[in-house]
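Me: I am new to this structure and would like a close look at a single part of it. Please take one strand residue and its surroundings, and work outward from there.

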Amino acid sequence: MESVKSAAVQALPACPVETTLVLIGNKWKVLILRDLLTGTKRFGELKKSLGSVSQKVLTAQLRAMEGSGLLTRTIYPEVPPRVEYALTELGRSLEPILDAMRDWGKEYKARNT
């Protein structure tokens, strides 16, 4: 596992801004982060909150974020299986970035409406 992680880190861009964009630089990942900042969620809760995302795209985004260490996926051995997603400490460390994005969006809307 360590060698896989090392290879992934080596594949990241040299620019820190670009690295951040690689990890969270699409609409769905940012909205998943937003939703998980309030607590653990099940797949169906995330899908409902995100609205127009397909199951395939949401699954791919969650797997990518899990692979990046931003969230954890817990499977409970029940019938039917229950799966929950939660932010890791690393994922939670993105909260100030999302807060800044929210504040900027509010300010932009106030200036342009």
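Reply: What follows starts with the whole chain, moves to the sheet, then to Leu 87, and ends at a pocket.

The model is a predicted one. The protein has 113 residues, of which 27% count as buried. Its C-alpha trace spans about 50 × 35 × 25 Å along the principal axes. There are 7 helices and 3 strands, and read along the sequence they follow the pattern α-α-α-β-α-α-β-β-α-α. Of the contacts between residues at least 6 apart in sequence, 44% join residues at least 24 apart.

The 3 strands form an open sheet in the order E1-E3-E2, with antiparallel pairing. Strand E1 (41-42) and strand E2 (71-76) are at the edges, and each has a single partner strand, so one side of each has no neighbour in the sheet. E1 and E3 run antiparallel and are joined by 2 bridges. In this pairing, Lys 41 stands opposite Tyr 85 in E3. Helix H3 packs on the sheet and touches E1, E2 and E3. The direction of H3 makes about 95 degrees with that of E3.

Leu 87 belongs to strand E3, which covers residues 82-87. Is this residue buried or exposed, judged by its relative accessible area? The value for Leu 87 is 13%, and buried means under 20%, so Leu 87 counts as buried.

The contacts of Leu 87 show what surrounds it. Apart from neighbours within four places in sequence, Leu 87 is in contact with Leu 33, Leu 36, Leu 37, Leu 70, Leu 71 and Arg 92. Leu 33 and Leu 36 fall within helix H3, which runs over 27-36. Leu 71 falls within strand E2 (71-76). A residue further along the chain gives a sense of distance: Asp 103 is 16 residues from Leu 87 along the chain, and their C-alpha atoms are separated by 22 Å.

One of the contacts of Leu 87, Leu 37, also helps to line the second largest pocket. This pocket has a volume of about 200 Å³. With Leu 37, its lining consists of Val 30, Leu 31, Arg 34, Glu 95, Leu 98, Asp 99, Met 101 and Arg 102. Helix H3 and helix H7 (95-111) each supply at least two residues of the lining, and H7 gives the most, with 5 residues. By type, the lining divides into 5 nonpolar, no polar and 4 charged residues.

Technical notes: Residues numbered from 1 in each chain as written. Predicted model: local features only at pLDDT ≥ 70, side-chain atom pairs only at ≥ 80, totals over all residues. Heavy atoms only, no water. Helix = DSSP H or I, 4+ residues; strand = E, 2+ residues; numbered from the N terminus. Buried < 20%, exposed > 50% of the residue type's maximum accessible area, 1.4 Å probe, protein only. Contact = heavy atoms within 4.5 Å. 1 Å grid on protein atoms, 1.4 Å probe; cavity = no way out; pocket = protein on both sides within 12 Å on 5 of 7 lines; lining within 4 Å. Points joined across faces, edges and corners; volume = space filled by probe spheres on them. Nonpolar A, V, L, I, M, F, W, Y, C, P; charged D, E, K, R; others polar. Pairing = 2+ DSSP bridges. Axes fitted to C-alpha atoms, helices over the stretch in contact; angles between N-to-C directions.
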